[in-house]
Amino acid sequence: MCWANRHGRIHILDPVLRTQLTVIPCDSFFSRCQGVMEGLLTRCRTLSALAACSLRHSSYLIHKCYHRAPGRGQRLVLSRMFQPQNLREDQVLSLEGRASDLTCKSQRLMLQVGLILPASPGCYHLMPYTVRALEKLVRVIDQEMQAIGGQKINMPSLSPAELWRATSRWDLMGRELLRLRDRHGKEYCLGPTHEEAVTALVASQKKLSYKQLPLLLYQVTRKYRDEPRPRFGLLRGREFYMKDMYTFDSSSEAAQETYGLVCDAYCRLFDRLGLRWMKARADVGSIGGMMSHEFQLPVDIGEDRLVVCPSCHFSANTEILDLSQKICPDCQGPLTETKGIEVGHTFYLGTKYSSIFNALFTNAHGESLLAEMGCYGLGVTRILAAAIEVLSMEDCIRWPRLLAPYQVCVIPPKKGSKETAATELVEQLYDDVMEAVPQLQGEVLLDDRTHLTIGNRLKDANKLGYPFVIIAGKRALEDPAHFEVWSQNTGEVVFLTKEGVMELLTGVHVV
């Protein structure tokens, strides 16, 4: 606060204390004000310049982070993917141990292209491509389970020991059960399966009515098993993903009808994945029950020995047959032996668990009865690895079309090559596909490593098994431009105009 007196002096007061701070001549005051104003103007000009610089810099950051040119849609570029690739054979062996352990094609390929990396014996880091494929597989499983009335839940991995002791499986499972104690001395296990937990859950609902049956509850979670010798990568590990469903019915007849319903859903699932499968009679093992079937993918490295009758399509695990038996029990035809990878298992349990935990329902007459149960497992990570095992070539991964991490890989010309002029055309093609084919949002990858030749990038794309690879080569300079399109699953190579590419990709189905 200030004012001028009649003698040409300026009085300056503290605005808060209202006390006089100083008295200065007017000429000196205005000179100082001018200096302050000039300083403020200089500062404003500097801030404006900084703001403009900041704006330009932030635009650059957005461009780098989201991999897009100004005015273009977002592009997924390969150079930003966290995906170790092209591991040499000796590096793979040092990661996994002895060379003799790499006897499984899926394990070797998944390590070489960086789909998985070992964390500890039987445990793996699942890299981004693998997680995308697993998420797609889970979506297909969800579709099939929910189509038959399945309701998805999620139960704790830690299961109290008293539940397992109630069914005697705490001792029956032996050393395969991963056990631990908390700080209070309470015992738990890391669940390999959840029959005890889910039955106790349903039993806690005292007013379950027959009108709510059949009740189909399922989850897709990590499971744990202390394998004595983990091997074959994701095919036999200590930690894995599994879909486990538990069903509750009002009678034995209804439970067996539900059993058939779930088995049919499994058949549809494997058909959708394009996998050749077998449904084999099997032993109930430690889970128990009255009936059991395994879903097997026939392959030479399979650890299960199976017998098959070509005449009546009977199949069974040799665990339930006399190995000397060479005649089919159903049609008396000859049996042949094969090997398989178990990817699913179904059990009709009866009242084995419901009687222990008192899982009851009220029937139409108001009577309380024990629920008839079934349980149904799918090895999610095992299905993924087994599919790679049976579909892939020795040096190239091939996926079930629905599970491919990315459906399309686009390869622009090498920087500085004669075809460089086609770079803008192929980028425009990418943007047009994103706009015109909505189901491929997030499914098209641009291999922007233009310091590499087209041949080297095509080799990598072949190893990773993208269903479609689009290349801007010499013919992309023609009028109209033609793009080289590889269909990896069929081995077919065609040259298509932009319109032809769009028409082809419009028919790609994505879950």
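Is Phe 295 buried or partly exposed? At 0% relative accessibility, Phe 295 counts as buried. Keep in mind that this is a predicted model. Here's a quick tour of its ring pairs, two charges that sit over rings, and a sheet with a helix across it.

**Aromatic pairs**

- There are six aromatic pairs in the structure.
- One of them brings Tyr 129 and Tyr 406 together: the ring centres are 5.3 Å apart and the planes meet at 70°, so this pair is edge-to-face.
- Look for Tyr 129 in helix H4 (residues 128–147), and for Tyr 406 in the loop between helix H10 (380–391) and strand S21 (408–411). These parts are 277 residues apart in sequence, so the pair ties them together.
- Both of these tyrosines are tucked away: Tyr 129 is buried, with a relative accessible area of 1%, and Tyr 406 counts as buried at 5% relative accessibility.
- Trp 277 and Phe 295 make another aromatic pair, and this one is tilted, with 6.1 Å from centre to centre and 40° between the planes.
- Trp 277 is in the loop between helix H8 (252–272) and strand S13 (278–281), while Phe 295 is part of strand S14 (residues 291–298). With their positions 18 residues apart, the pair links distant parts of the chain.
- The two partners differ in exposure: Trp 277 counts as partly exposed at 25% relative accessibility, whereas Phe 295 is buried at 0%.
- Trp 277 and Phe 295 also belong to a cluster, joined by ring pairs, that takes in Tyr 266 and Phe 270.

**Charges over rings**

- Trp 170 has Arg 179 lying over its face, 4.7 Å from the ring centre.
- Over at Tyr 188, the charged end of Lys 186 sits over the ring, 5.7 Å from its centre.

**A six-stranded sheet and its helix**

- Six strands build an open sheet with mixed pairing, in the order S4-S22-S21-S23-S24-S25.
- At the edges you'll find strand S4 (76–77) and strand S25 (492–496), each of which pairs on one side only.
- S4 and strand S22 (residues 444–446) run parallel and are joined by two bridges. Leu 76 has Leu 445 in S22 as its bridge partner.
- As background, strands of a sheet pair through backbone hydrogen bonds, either parallel or antiparallel.
- Helix H11 (residues 423–436) lies across S4, S21, S22, strand S23 (468–471) and strand S24 (483–487). Relative to S22, helix H11 runs at about 160°.

Note on methods:
Residues numbered from 1 in each chain as written. Predicted model: local features only at pLDDT ≥ 70, side-chain atom pairs only at ≥ 80, totals over all residues. Heavy atoms only, no water. Phe/Tyr/Trp six-rings, centres within 6.5 Å; stacked < 30°, edge-to-face > 60°. Helix = DSSP H or I, 4+ residues; strand = E, 2+ residues; numbered from the N terminus. Buried < 20%, exposed > 50% of the residue type's maximum accessible area, 1.4 Å probe, protein only. Lys NZ or Arg CZ within 6 Å of the ring centre and 35° of its normal. Pairing = 2+ DSSP bridges. Contact = heavy atoms within 4.5 Å. Axes fitted to C-alpha atoms, helices over the stretch in contact; angles between N-to-C directions.
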